[in-house]
2 protein chains.
Amino acid sequence: MPGKILVVDDEPAIRAMVRFALKQADFTCIEAADAEQAQTLVLKDLPDLILLDWMLPGVSGVDYARRLRRERLTQNVPIIMLTARADEDDKVRALGTGADDFMTKPFSPRELVARVKAILRRIAPMASGDVVAVADLILDPSTHKVLAGDEHLSLGPTEFRLLHFFMTHTERVHSRERVLDAVWGSNAYIDERTVDVHIRRLRRALMASGYDRYVQTVRGVGYRFSGDG
Amino acid sequence: MPGKILVVDDEPAIRAMVRFALKQADFTCIEAADAEQAQTLVLKDLPDLILLDWMLPGVSGVDYARRLRRERLTQNVPIIMLTARADEDDKVRALGTGADDFMTKPFSPRELVARVKAILRRIAPMASGDVVAVADLILDPSTHKVLAGDEHLSLGPTEFRLLHFFMTHTERVHSRERVLDAVWGSNAYIDERTVDVHIRRLRRALMASGYDRYVQTVRGVGYRFSGDG
DNA sequence: TTGCGTCTGACACAAAAGCGTCATACTGTT
DNA sequence: AACAGTATGACGCTTTTGTGTCAGACGCAA
């Protein structure tokens with residue numbers, strides 16, 4: 001279950017093709033025909049990546065991309081622009097909006113999937129679906145298992161995501177706010193103290209294998225996942 | 001990898017290329033120039049996969065694909081559509097017929113083989129007819145029997161297919177949606193909770209032999225069939 | 001066709017697991 | 001010591017899953 005992808009295009013045919021391709025590759029796909037619909041979906045469940053048509057009825061794809069970049073919620077969601085023609089000017093402008101990549105129609109499903117995966121690996125390591133390992137701690141999103149050495153340890157969904165986040169973003173301090181954004185999906189009205197509780201639960205689960213010491217408190221700032229003290 | 005593949009294309013040159021590529025990869029290849037011939041071969045010896053040209057003299061590839069999907073015998077045989085141009089509309093329509101993939105000419109032998117293998121991997125572990133075994137649990141599709149140790153256990157058709165799916169796709173977590181696709185067929189309008197019910201029935205059947213613990217719930221995600229907890 | 005038994009999917013309710021918040025205890029800093 | 005930030009256990013609530021039941025579909029036999 002690598003990731004959730006929002007497709008914004010007014011042509012149902014394109015959406016159908018994209019949906020098919022993404023589904024084949026095990027992505028979850030949500031769809032919108034215009035910017036307004038898209039925004040509703042974005043607020044409802046924040047996607048991991050957005051495929052955005054350059055030309056849209058109403059608010060254009062370019063304008064919508066700018067807006068997505070301005071707003072805090074979507075600031076870090078990668079965007080791939082879809083355009084009808086390979087026009088250099090368009091390309092420059094598209095990248096100017098903050099798009100992460102750019103594809104000209106027609107494109108093959110294979111190419112689409114390849115690019116999506118590339119972007120996700122680069123920008124959203126959590127959504128790539130790859131096995132993550134830190135020392136002897138191994139987390140496998142595809143089986144949803146976590147191994148510490150050869151011990152299999154069981155985590156609740158939230159602790160699993162939390163550990164996944166930490167393991168894909170090691171060595172850095174993350175504020176509670178950031179953790180909430182990454183693990184809870186950023187539009188949650190949740191008390192920051194709640195992070196503490198889940199940190200506690202995660203530590204407890206890791207305790208048996210000693211990996212709890214990887215989950216480090218940085219007083220006044222947040223938490224860090226790191227091998228050395 | 002076992003496999004008999006039917007190529008339906010009116011151009012002998014294409015057929016020759018495909019035949020060559022498939023033979024190299026150890027597939028058996030049978031050929032037809034039109035839908036009528038194809039149908040004769042299908043009835044004589046059911047192929048594991050069909051490569052079907054989009055444009056055929058007489059009954060078009062699209063229509064023939066629909067027919068293959070309608071008929072019981074061929075309902076589950078994967079189809080790869082071959083189209084002349086990368087026309088988005090064609091692609092979409094091809095997928096609408098129930099094709100599992102499509103390729104635009106010209107394609108390389110390598111690409112062909114890769115796609116064929118991909119499809120067979122995805123669909124065939126269950127369709128191969130091979131006996132599947134996990135620990136002492138043995139499922140034989142040809143006799144439709146399941147043995148746990150030396151106990152013979154009886155399952156309903158759906159539970160049988162469900163177990164078959166699990167045994168050919170162990171270790172991974174499968175969302176209910178995915179399970180529905182694989183076990184019920186990808187065009188079933190079925191409540192996701194129904195999966196739970198059949199999981200229950202399967203577990204109950206496996207209970208006597210203790211294999212019910214292999215059927216694991218991954219909360220918030222789906223189910224997994226796995227030896228270790 | 002009719003009748004019979006099995007299989008199925010939906011539903012409703014029960015049970016379980018997970019979640020977020022809070023109050024309180026604790027720890028490090030100044 | 002006083003303060004601010006953090007850790008932790010408990011608790012009420014929500015979401016998700018488990019399970020029994022039932023009406024209808026289906027296959028089969030007469």
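A polar contact is a pair of N or O atoms within 3.5 Å; within protein, one atom must be able to donate a hydrogen and the other to accept it, and residues adjacent in sequence count only if both atoms are side-chain atoms. This is a predicted model, in which local features need pLDDT of at least 70 and side-chain atom pairs count only at pLDDT 80 or more, while totals for chains, interfaces and linings use all residues. Residues are numbered from 1 along each chain as its sequence is written, chains are lettered from A and ligands numbered from 1 in the order in which they are written, and side-chain values use heavy atoms, with hydrogens and water left out.

## The two domains of chain A

Chain A is divided into domain 1 (4-128) and domain 2 (132-225); such bounds come from an automatic or database domain assignment. The C-alpha centres of the two domains lie 29 Å apart. Where they touch, 7 residues of domain 1 are in contact with 10 residues of domain 2, contact meaning heavy atoms within 4.5 Å. The two domains of chain A bury about 680 Å² between them, 52% of it on carbon and sulfur atoms. Buried area is the accessible area (1.4 Å probe) that two parts lose on being put together, summed over both.

Arg72(A), Pro125(A) and Met126(A) supply 70% of the area that domain 1 buries against domain 2, more than any other three residues. Between these domains the count is 0 residue pairs in polar contact, with both residues at pLDDT 80 or more. The count of salt bridges between them is also 0; a salt bridge is a side-chain nitrogen of Lys or Arg within 4 Å of a carboxyl oxygen of Asp or Glu. The side of domain 1 that touches domain 2 has 5 nonpolar, no polar and 2 charged residues. In this classing, Ala, Val, Leu, Ile, Met, Phe, Trp, Tyr, Cys and Pro count as nonpolar, Asp, Glu, Lys and Arg as charged, and the others, Gly among them, as polar.

## Chain B against chain A

Between the chains, 25 residues of chain B are in contact with 20 residues of chain A. Chain B and chain A bury about 1,800 Å² between them, with 56% of it on carbon and sulfur atoms. The count here is 4 residue pairs in polar contact, both residues at pLDDT 80 or more. The elements of chain B that give two or more residues to the side touching chain A are α4 (88-96), α5 (109-127) and α7 (176-184). Helices (H or I, at least four residues) and strands (E, at least two) are DSSP runs, numbered from the N terminus. The largest share of this side, 5 residues, comes from α4(B). By class, the residues of chain B that touch chain A divide into 8 nonpolar, 2 polar and 15 charged.

## Salt bridges

Side chains of opposite charge can pair when their charged atoms come close. Over all chains, the whole structure has 14 salt bridges. One of them joins the side chains of Arg19(A) and Glu31(A), at 2.4 Å from N to O. Arg19(A) lies in helix α1 (residues 12-24) and Glu31(A) in strand β2 (residues 28-32) of chain A, so this pair ties together parts that are 12 residues apart in sequence. Across the interface of chain B and chain A there is 1 salt bridge. It pairs Glu171(B) with Lys145(A), at 2.7 Å from N to O.

## The DNA strands

A residue is near a strand if one of its heavy atoms lies within 4 Å of it. DNA strand D is surrounded by 24 residues, the closest being Arg200(A), Thr217(A), Tyr223(A), Arg200(B) and Tyr223(B). Sugar and phosphate account for 70% of the atoms of strand D that come within 4 Å of the protein. By class, the surface near strand D has 5 nonpolar, 4 polar and 15 charged residues.

Around DNA strand C there are 25 residues, of which Thr158(A), Thr194(A), His198(A), Thr158(B) and Thr194(B) come nearest. For strand C, 67% of the atoms within 4 Å of the protein belong to sugar or phosphate and the rest to bases. The surface near strand C has 10 nonpolar, 7 polar and 8 charged residues.

Some polar contacts with the DNA are listed below.

| Residue | Protein atom | DNA atom | Distance |
|---|---|---|---|
| Arg193(A) | side-chain N or O | phosphate oxygen, strand D | 3.4 Å |
| Arg193(B) | polar side-chain atom | base nitrogen, strand D | 2.9 Å |
| Gly220(B) | polar backbone atom | phosphate oxygen, strand D | 2.8 Å |
| Arg201(A) | polar side-chain atom | base oxygen, strand C | 2.7 Å |
| Trp184(B) | side-chain N or O | phosphate oxygen, strand C | 3.0 Å |
| Thr194(B) | side-chain N or O | phosphate oxygen, strand C | 2.4 Å |
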